[in-house]
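This report describes one protein chain for a reader who has not seen it before. The sequence and the structure come first, and the notes follow.

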Amino acid sequence: MIAYKFLARGAVSPFSGAAWPPPSGAASGAWVAASPAPGPELWIHGCRPADLPYWVDVELWRIELSDPARPIRHEVQAERGRLLERIEAWDFTSRRDFTLDCALRTGQFAGEALAEDGREADARALSTCRTLDDLAAAAGARPQEPVPARSRQLLGYCGDAAFWGRPSHAGCVSYIAAIAAAHLRGDPAAVETERAWQARWLCDRLGIAA
């Protein structure tokens, strides 16, 4: 099965710290198997296009998983996997743009809540944000009147997104946006809706068939 895998810099697994053998010329990387250990079963993990936002890291690779692959929630598991090629389009620029768009989406969610609270001027200030500095300034502005709890919480998410809004923290900011969406809607299912938007962003930008 062909899938995808986010890795830390140098094709290193962010969880185990294991380095994956890279492809050499036209040859794929060597097969990697999960190390046997007592306790729960261990698997090699990959992801489908819809799963990408849940695993964001510095490098993205197209991989091959051995049969039989087992799809589960937000990932695919197999006994072995190997690297096929790095997705070069996932570079500093695309990580930066993804991070910024997720942060600005958080601002949009806060602006929607403020508009529902009748705080039109504050909502407009958020809707005009184009940079992380804009977002931080709008989120940190001192209102003349108390802000209702939901809007106050969402403004806090805006501040968090602006603070963490560096390409190296793209996964953190995309998570903040998803949580902010759920807080705005009052529905945990909104996390999945926002993650679906993020998956479409990634697939469109990186040329991955959804």
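H45 has Q77, a residue of strand 6, as its bridge partner. The structure is a predicted model. H45 belongs to a pairing in which strand 3 (residues 44–46) and strand 6 run antiparallel, joined by 3 bridges. Q77 in strand 6 also stands opposite R70. Strand 5 (residues 70–72) pairs with strand 6 over 3 bridges, again in the antiparallel sense. These two strands, 5 and 6, form a hairpin with 2 residues between them. In the turn, H74 has a positive phi of about 70°.

Strand 6 (residues 75–78) is covered on both faces. E75 and Q77 are buried on one side, and V76 and A78 are buried on the other.

Another pairing involves strand 1 (residues 2–7) and strand 4 (residues 59–65), which run antiparallel and are joined by 6 bridges. Within this pairing, I2 has E64 of strand 4 as its bridge partner. Strand 1 is largely enclosed by the rest of the structure, because 5 of its 6 residues are buried.

The strand pairings are listed here.

| Strands | Sense | Bridges |
|---|---|---|
| strand 1 and strand 4 | antiparallel | 6 bridges |
| strand 3 and strand 6 | antiparallel | 3 bridges |
| strand 5 and strand 6 | antiparallel | 3 bridges |

The chain as a whole has 6 helices and 7 strands. Read from the N terminus, the order of the elements is β-β-β-β-β-β-β-α-α-α-α-α-α. The C-alpha atoms fill a box of roughly 60 × 35 × 30 Å along the principal axes. Of the 210 residues, 43% are buried. Among contacts with a separation of 6 or more, 69% are between residues 24 or more positions apart.

The chain exposes about 10,900 Å², and carbon and sulfur atoms supply 54% of that area. There are 23 positive and 26 negative charges, and their mean positions are 2 Å apart.

One residue in the helical part is W197, which lies in helix 6. Leaving aside residues up to four places away in sequence, W197 touches D101, C102 and R105. W197 and E79 are 118 residues apart along the chain, and their C-alpha atoms are separated by 30 Å.

As for confidence, the mean pLDDT of the chain is 93, and 96% of the residues reach 70 or more. Among the elements, helix 6 (residues 190–206) has the highest mean pLDDT, 98, and strand 2 (residues 32–33) has the lowest, 90.

Terms used. Residues are numbered from 1 along each chain as its sequence is written. This is a predicted model: local features need pLDDT of at least 70, side-chain atom pairs count only at pLDDT 80 or more; totals for chains, interfaces and linings use all residues. Side-chain values use heavy atoms; hydrogens and water are left out. Helices (H or I, at least four residues) and strands (E, at least two) are DSSP runs, numbered from the N terminus. Buried means under 20% relative accessible area, exposed over 50%, partly exposed in between (1.4 Å probe, protein chains only). Contact means heavy atoms within 4.5 Å. Accessible areas come from the Shrake-Rupley method with a 1.4 Å probe; for residues, only the protein chains shown count as cover. Lys and Arg count as positive and Asp and Glu as negative; His and the chain ends are not counted. The place of a charge is taken as NZ of Lys, CZ of Arg, CG of Asp or CD of Glu. Two strands pair if DSSP finds at least two bridges between them. pLDDT is the predictor's confidence in each residue, from 0 to 100.
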